[in-house]
Amino acid sequence: MPAVIYTVLRLALFAVATTALWFIGMRSWLAPIGGMFVAWALSYVLLARQGRAAAAWVEQRSAARAGTRRRTAADEDASYEDAIVDAAAPHDDQAPTDEQAADEHTPAERAPDEQVAGSARDDETRG
């Protein structure tokens, strides 16, 4: 219920701010826009306690409902996909296969052949 009270108070601030801007002389579509910003600033200052109470109330309701949530088809699909990924992933205690070991070589380990060829070309261009 604190969320409803907070919302009503913010709407009241908006109505008061918009009406005040209207009577000051802002008689266009800018009055509600200005009223929105004025009400936002005033609610930040004047309704901080009610805002915290509303946030706590919503958090409590959310936590209470989290335990009673039913599993959906998307949840079932996600758990099935997670099981497939876990089954396909290699475990730490398994040795890598030959293909995995070949993929682990870095370009620096393959570079000596290229460096030799590159140095021969350099010798030809210098000589």
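The protein contains six helices and zero strands, and its elements run α-α-α-α-α-α from the N terminus on. The model is a predicted one. Its pLDDT averages 79 over the protein, and 70% of the residues score at least 70. Confidence varies among the elements: helix 1 has the highest mean pLDDT, at 94, whereas helix 6, which comprises residues 107-126, has the lowest, at 52. Where pLDDT is low, predicted coordinates should not be read in detail. The description below therefore deals with helices 1, 2 and 3, and the coordinates of helix 6, with its mean pLDDT of 52, are not interpreted in detail. Of the 127 residues in the protein, 13% are buried.

Helix 1 covers residues 2-24 and helix 2 covers residues 30-46, with W29 in the loop between them. Two residues of helix 1 illustrate how its side chains differ in exposure. L13 belongs to helix 1 and is buried, because its relative accessibility of 17% is under the 20% limit. T19 is also placed in helix 1, but its relative accessibility is 39%, so T19 counts as partly exposed. Both residues can be related to positions further along the chain. The C-alpha atoms of L13 and A41 are 9.9 Å apart, with the two positions 28 residues apart in sequence numbering. For T19 and A31, the C-alpha separation is 8.0 Å and the sequence separation is 12 residues.

Helix 2 has 17 residues, which at 1.5 Å a residue should span 24 Å; the distance between its end C-alpha atoms is 23 Å, in agreement with that expectation. Its buried residues are A31, G34, G35, A39 and S43. Seen down the axis of helix 2, these residues fall within an arc of 165° and so line one face of the helix. The other side of helix 2 carries F37, W40, Y44 and V45, which are exposed. L42, also in helix 2, has a relative accessibility of 34% and therefore counts as partly exposed. The C-alpha atom of L42 lies 8.9 Å from that of R10, although the two residues are 32 apart in sequence.

A nonpolar surface patch of about 770 Å² is formed by M26, W29, L30, I33, M36, F37 and W40. Among these residues, F37 and W40 are on the exposed side of helix 2, while W29 comes from the loop that precedes helix 2. W29 has a relative accessibility of 63% and so counts as exposed, the limit for this class being over 50%.

Helix 3 spans residues 48-66 and includes G51. For its 19 residues, a rise of 1.5 Å a residue gives an expected span of 27 Å, and the end C-alpha atoms are 27 Å apart, which agrees. Q50, G51 and A54 are buried in this helix. They cover an arc of only 100° around the axis, and are therefore on the same side of helix 3. The exposed residues R49, R52, E59, Q60, A63, A64 and A66 are carried by the face of helix 3 turned away from its buried side. G51 has a relative accessible area of 19% and is thus buried, a value that falls under the 20% limit. Its C-alpha atom is separated by 9.5 Å from that of I5, a residue 46 positions away along the chain.

Conventions
Residues are numbered from 1 along each chain as its sequence is written. This is a predicted model: local features need pLDDT of at least 70, side-chain atom pairs count only at pLDDT 80 or more; totals for chains, interfaces and linings use all residues. Side-chain values use heavy atoms; hydrogens and water are left out. Patches are made of residues with over 30% relative accessible area and no salt bridge: like charges are joined within 9 Å, nonpolar side chains (Val, Leu, Ile, Met, Phe, Trp, Tyr) within 5 Å. Accessible areas come from the Shrake-Rupley method with a 1.4 Å probe; for residues, only the protein chains shown count as cover. A salt bridge is a side-chain nitrogen of Lys or Arg within 4 Å of a carboxyl oxygen of Asp or Glu. Helices (H or I, at least four residues) and strands (E, at least two) are DSSP runs, numbered from the N terminus. Buried means under 20% relative accessible area, exposed over 50%, partly exposed in between (1.4 Å probe, protein chains only). pLDDT is the predictor's confidence in each residue, from 0 to 100. The expected span of a helix is 1.5 Å times one less than its number of residues. The arc is that of the directions from the helix axis to the C-beta atoms.
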